[in-house]
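Reader: I would like to go through this model term by term. Please show it, and then defend the words you use for it.

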Amino acid sequence: MKAEIDGAQIEATQALTLAGDLESLKLARISHLGDRSTIARISQSLGSLDPSLKAPIGKALGEARNQLNELFEKRLAELTLKRDQEVIESERVDVTLPLRRTPKGGIHPLTLIDQEIADIFIGLGYRVMEGPELEAAWLNFDALNIPADHPARTMQDTFFLEPLESNLVLRTHTSPTQIRTMLTQEPPIYVICPGRTFRSDELDATHTPVFSQVEGLVVDQGISMADLKGTLDYFAKKIFGDEVVSRLRPSYFPFTEPSAEVDIFFNGRWIEWGGCGMVNPNVLETCGIDTEKYSGFAFGMGLERTLMVRHQVADIRAIVEGDVRFSRKFGMGGR
Ligand code: FA5
């Protein structure tokens, strides 16, 4: 029996010593020191042994167990250290590696100014109205008092959609959204209508075939040119700075009467900003609005031009080409 203990001890010593990681050490312990191991089986049979054998066998068993437990603890410490070192090595971060930056996009300056303008007018109690970019020719022209022979309706300015009988155009201004508003809402009306507009202009330093406008429309009782001027002054100061003044210059639009160009005095000179006027009574009547009771004003300006003036952008292409290096300068670009 002593020989059996010695044999088991040798086998266990070998298994514990050879275990290369914590998992195999655990398995070696279960098979050589666990409940079903040779050593455990001999311990259990100790009671039935001849009394003279009990003491020496018991002693030999105790010694073997102590030696093996010590060996297990030693191997446990060694293999734990080894495992920790492996984890540290595999999870090591090389702080000297160059950073991999994923450049984020930036909010385009046109979107920013669009939001800025919406904030200004929402602050005055206006609502923001949107209309479709693909528009009925009737809303883009006729309802706005633009007759069939008006030059703006020629192929040179307008993108018509095929088949021509569809009478659909890419809207040439945001003014059809005025009509949509007046056809669906009762006065008092206080709205701005921002959006993309299209004209068959060549792309050059100051023109682009796809640009953006913002329209303003007010229809209420007792609205006069003074209200228009006051609103444009306030708008100009909010966009260009408190020192800026605006002036109205007589002009012509079929949908306003009288009509004017609004100029601003900015950086020492007068700059044309947009068109405006009192809504032509013909337009109000087309929309079923009682012209005895109500009058209104409207204005419309280009957003790219507004940005160009405010930020001294010499070429409109910088705005429309979407280069993030340009957008970042407006303060909302990620890195
Ligand atoms: C109009 O479009 C009128 N609907 C504005 C208006 C509204 C007048 C309400 C009265 C009442 P106009 O064609 O001038 O007007 O265009 C207005 C602005 O759009 C111009 O001042 C300019 O800033 C901008 N714009 C026009 N064409 C282009 C273009 N090809 N590229 C960039 N901006 C343009």
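Author: What follows covers the ligand, an aromatic pair and some backbone features. The model is predicted.

Reader: What makes R199 a polar contact of the ligand?

Author: The distance and the atom types. A polar side-chain atom of R199 lies 2.9 Å from an oxygen atom of the ligand. The cut-off is 3.5 Å between N or O atoms, so the pair counts. D201 also places a polar side-chain atom 2.7 Å from a nitrogen atom of the ligand.

Reader: What makes G302 count as well?

Author: Its backbone. A backbone N or O atom of G302 lies 3.4 Å from an oxygen atom of the ligand. That value is within 3.5 Å, so this is a polar contact too. Taken alone, the ligand exposes 690 Å², and the protein buries 91% of that.

Reader: Where does the ligand sit, and which elements supply its shell?

Author: The ligand sits in the largest pocket. Two or more shell residues come from each of α7 (175-184), β5 (210-220), β8 (269-279) and β9 (295-302).

Reader: How many residues surround the ligand, and which are the closest?

Author: There are 23. The closest are H173, S175, R199, D201 and R305. By class, the shell has 8 nonpolar, 11 polar and 4 charged residues.

Reader: Why is the pair of F235 and W273 called tilted?

Author: First, the search of the whole structure finds 11 aromatic pairs. In the pair of F235 and W273, the centres are 4.8 Å apart and the planes are at 45°. Pairing needs centres within 6.5 Å, so these rings qualify. Under 30 degrees would be stacked and over 60 edge-to-face, so 45° is tilted.

Reader: What does that pair tie together?

Author: F235 lies in helix α8 (residues 225-240) and W273 in strand β8, so the pair links parts that are 38 residues apart in sequence.

Reader: Which peptide bond before P163 is cis, and what is its omega?

Author: The bond joining E162 and P163 is cis, with omega about -5°. P163 is in the loop between α6 (137-140) and β3 (168-170). Another cis bond joins P187 and P188, with omega about 5°. P188 is in the loop between α7 and β4 (189-198).

Reader: What makes N167 worth a mention?

Author: Its phi is near 55°, a positive value in a residue other than glycine. N167 lies in the loop between α6 and β3. Q312 is not a glycine and has a positive phi of about 50°. Most residues other than glycine have a negative phi, and most peptide bonds are trans.

Terms used:
Residues numbered from 1 in each chain as written. Predicted model: local features only at pLDDT ≥ 70, side-chain atom pairs only at ≥ 80, totals over all residues. Heavy atoms only, no water. Near = heavy atom within 4 Å. Polar contact = N/O pair within 3.5 Å; in protein donor to acceptor, adjacent residues only side chain to side chain. Areas by Shrake-Rupley, 256 points an atom, 1.4 Å probe, with all protein chains shown as cover. 1 Å grid on protein atoms, 1.4 Å probe; cavity = no way out; pocket = protein on both sides within 12 Å on 5 of 7 lines; lining within 4 Å. Sits in = over half its atoms within 2 Å of the grid points. Helix = DSSP H or I, 4+ residues; strand = E, 2+ residues; numbered from the N terminus. Nonpolar A, V, L, I, M, F, W, Y, C, P; charged D, E, K, R; others polar. Phe/Tyr/Trp six-rings, centres within 6.5 Å; stacked < 30°, edge-to-face > 60°.
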